[in-house]
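Please open the model in a viewer and keep the sequence panel visible. The tour below proceeds from one selection to the next.

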Amino acid sequence: MKRTFFMRLAAWPAVCIAAASALALASPIAAQRLVNADGTVDWNRYYSADETNRIMRDLAGRHPGLTNLYSIGRSHLGADLMLIEVTNEETGPASDKPALYLDGGIHAGELTGSAVALYVLGRLLDGYGKDERITKLLDTRAFYIRPKFNPDGSDLALKEGRRLRSTVRPWDEDGDGAVDEDPYDDLDGDGFITRMRLEHPNGDWKLGEDPRILVRREPGDTVGPFFFVTDEGIDNDGDGRFNEDDVGGIDMNRNFPRNWQPEYIQSGAGPYAMSEPEVAATVKFIGDHANIAGIVHGHTSGGFVYRLPSSSDPATFDSTDLALIEDMGRPYTETTGRPVRPSSTDATDHRYGTLIGWAYDVRGIIGWVPEYSPADAWITDYDGDGRISEVEALRFNDEELDGRYFTPWRRFPHAQLGEVEIGGWHTRFWGQNPPAEFLEAECKVQLPWILSLLEKSPLLELGRVQIRAQRNGNVRVQLEITNTGYLPTNMTERGATGRATQDGGVTDMIVRPPAATIQLEGGTVIGPATILFGHLGGSNGFSAAFTESSRTIEWTVRPVAREMTVTVTVDGGPAGIARSAPVVYR
Ligand SMILES: [Zn+2]
């Protein structure tokens with residue numbers, strides 16, 4: 001494990017204001033082409049919400065038969081929440097196909113999440129017709145890709161370098177009745193929020209082997225100098241604390257209507273579930289799309305994936321679903337070398353109101369929260385001891401990146417603290433996100449697993465409609481319906497949860513069983529035209545509720561004309577909608 005340096009970085013809430021690449025974004029060359037003439041995009045670059053929308057528009061214009069771009073709502077500041085469908089429309093619209101919802105950037109500074117989603121879009125469009133795996137996937141299934149979940153917050157983090165977890169909606173984080181009144185301050189005006197260190201005999205930090213580094217003072221350490229360390233800023237509201245009520249404060253991934261809890265239990269929860277328009281739009285979109293069979297909710301950083309359970313007691317989580325989820329997470333570890341971890345590990349001390357917790361609870365969907373970008377993915381382990389020390393990180397930044405991501409400590413006359421020094425890592429692009437020059441490599445490693453998740457969706461396959469005459473002049477119409485997917489049509493045991501009936505059945509399941517409807521020209525059906533025939537099992541070995549993957553459905557029909565045309569439509573929810581070829585009976 002190479003975590004030592006990172007854990008220390010994670011404990012430092014220092015944040016950069018704008019890396020060199022981000023400054024370039026704010027420049028007036030905004031109208032430059034972002035998609036090259038050959039359709040390629042520079043993936044080693046962070047894009048603003050507007051630039052991301054322009055890239056999506058350009059790519060959609062180049063691939064009209066594979067895309068459908070639209071807004072699913074508006075952000076707090078009124079920005080469109082853009083989403084793009086990706087599928088081969090010749091084989092049916094996205095709404096007829098099992099789909100994976102992929103987003104990024106719900107947390108403002110987690111810019112790699114947005115980058116991965118946009119990159120996946122680019123790779124899908126580029127790969128269709130060339131890459132067999134992608135072609136097959138887009139012929140049979142669909143993606144819903146939403147790179148900027150939170151355009152307001154992401155832009156504030158990217159363009160202005162503001163430290164912000166989620167939405168920009170003003171929020172009283174310190175409970176003093178005022179909102180956003182004590183933000184971080186870029187005192188030295190270098191464009192980054194870094195760290196301040198104040199030399200003091202009681203300080204709890206001391207200089208490390210490289211004097212740019214601070215390490216914890218150990219008990220018994222008497223040889224100074226010692227330092228107090230905090231984030232760059234002033235105590236704007238004079239309450240004795242620094243930077244404790246910065247812009248925003250609501251965490252949108254605690255604002256979903258599943259096991260939502262108020263602020264005193266879940267900080268960042270917001271005033272009530274779905275108070276944020278970005279969350280409400282998400283709930284409506286996923287809620288309105290019964291064909292969504294998986295969710296990848298992209299975050300940064302850490303270099304692992306959070307799996308279910310998320311916003312509930314892990315002891316109450318269905319063990320069959322857990323085994324299934326662990327199986328689906330295994331390819332992530334195989335292709336990236338990174339672990340899969342439960343999002344909830346304690347009966348009560350867990351997250352409340354998360355997206356994947358909600359989607360599993362109300363829709364039976366398996367969602368994933370990849371935390372992209374482990375910092376040690378790109379820093380050289382110079383001494384080969386298997387871990388990245390902060391000294392190695394500094395050396396890498398010095399030697400490979402011209403020292404761009406660390407501001408040297410410089411003296412600064414602080415109005416409240418007297419003489420301090422300001423300096424440190426630009427953590428927004430060094431730790432939280434990779435330096436832009438390593439962004440594409442980080443995006444690339446995510447692709448195989450993301451493809452594998454959609455490949456595991458349930459998928460309906462119809463046999464040929466069989467019509468047999470009966471003695472009484474009626475005909476019997478039969479159709480074999482098969483789920484060829486890995487997941488059952490109910491996706492999870494949660495999806496098959498419903499109310500027990502007196503005859504031992506289950507009604508009102510979370511995922512409605514597939515429904516086959518017969519359509520006739522020149523005939524009338526005797527009995528119901530629509531038959532709910534029960535869920536179909538998948539090829540995975542975990543499903544307990546439904547194991548048979550194939551079923552033959554039957555209708556009795558009375559022909560009323562010399563020629564009768566029979567078509568069957570099967571709505572399989574997350575398994576997609578399948579339509580039989582019309583069969584003519586004379
Ligand atoms: Zn996050």
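Which residue caps the N-terminal end of helix 5? Select aspartate 131: one of its side-chain oxygens lies 2.8 Å from the backbone nitrogen of arginine 133, and this residue caps that end of the helix. Helices (H or I, at least four residues) and strands (E, at least two) are DSSP runs, numbered from the N terminus.

The model is predicted, so local features need pLDDT of at least 70 and side-chain atom pairs count only at pLDDT 80 or more, while totals for chains, interfaces and linings use all residues. Residues are numbered from 1 along each chain as its sequence is written, and side-chain values use heavy atoms, with hydrogens and water left out.

**Helix 5**

Select residues 132-140, which form helix 5, and colour Ile134, Thr135, Leu137 and Leu138, which are buried. Buried means under 20% relative accessible area, exposed over 50%, and partly exposed in between (1.4 Å probe, protein chains only). Looking down the axis of helix 5, one finds its buried residues within an arc of 165 degrees, so they line one face of the helix. The arc is that of the directions from the helix axis to the C-beta atoms. An α-helix has 3.6 residues a turn, so residues three or four places apart point the same way. Now turn to the face directed away from the buried side, where Glu132 and Lys136 are exposed.

Next, display strand 2 (80-86), helix 4 (111-127), strand 4 (142-146) and helix 12 (447-455), against which the buried residues of helix 5 pack. Contact here means heavy atoms within 4.5 Å.

**The sheet of eight strands**

Strands 2 and 4 lead to an open sheet of eight strands in the order 1-2-4-3-9-12-10-11, with mixed pairing. Two strands pair if DSSP finds at least two bridges between them. Strand 1 (67-74) and strand 11 (340-342) stand at the edges with a single partner strand each, so one side of each has no neighbour in the sheet. From one strand to the next, the twist averages 25 degrees. Axes are lines fitted to C-alpha atoms, for helices over the stretch in contact, and angles run from 0 to 180 degrees between N-to-C directions.

Within this sheet, select strand 3 (residues 99-104) and strand 9, which run parallel and are joined by six bridges. Glycine 104 stands opposite glycine 298 in strand 9. Helix 4 packs on the sheet, and its direction makes about 140 degrees with that of strand 3.

Follow strand 9 (292-300) into the loop before strand 10 (304-307), where serine 301 lies. A cis peptide bond joins threonine 300 to serine 301, with omega about 15 degrees.

**The sheet of six strands**

A second selection is an open sheet of six strands, in the order 7-6-8-5-14-13, with antiparallel pairing. Its edge strands, strand 7 (214-216) and strand 13 (406-414), each pair on one side only. The twist averages 40 degrees from one strand to the next.

Strand 6 (residues 205-207) and strand 8 (residues 226-231) run antiparallel and are joined by two bridges. Tryptophan 205 has phenylalanine 227 in strand 8 as its bridge partner. Add helix 10 (residues 390-400), which packs on the sheet and touches strand 7, strand 13 and strand 14 (418-425).

Proline 225 is the next stop, in the loop between strand 7 and strand 8. The peptide bond to this proline from glycine 224 is cis, with omega near 5 degrees.

Key. A polar contact is a pair of N or O atoms within 3.5 Å; within protein, one must be able to donate a hydrogen and the other to accept it, and residues adjacent in sequence count only if both atoms are side-chain atoms.
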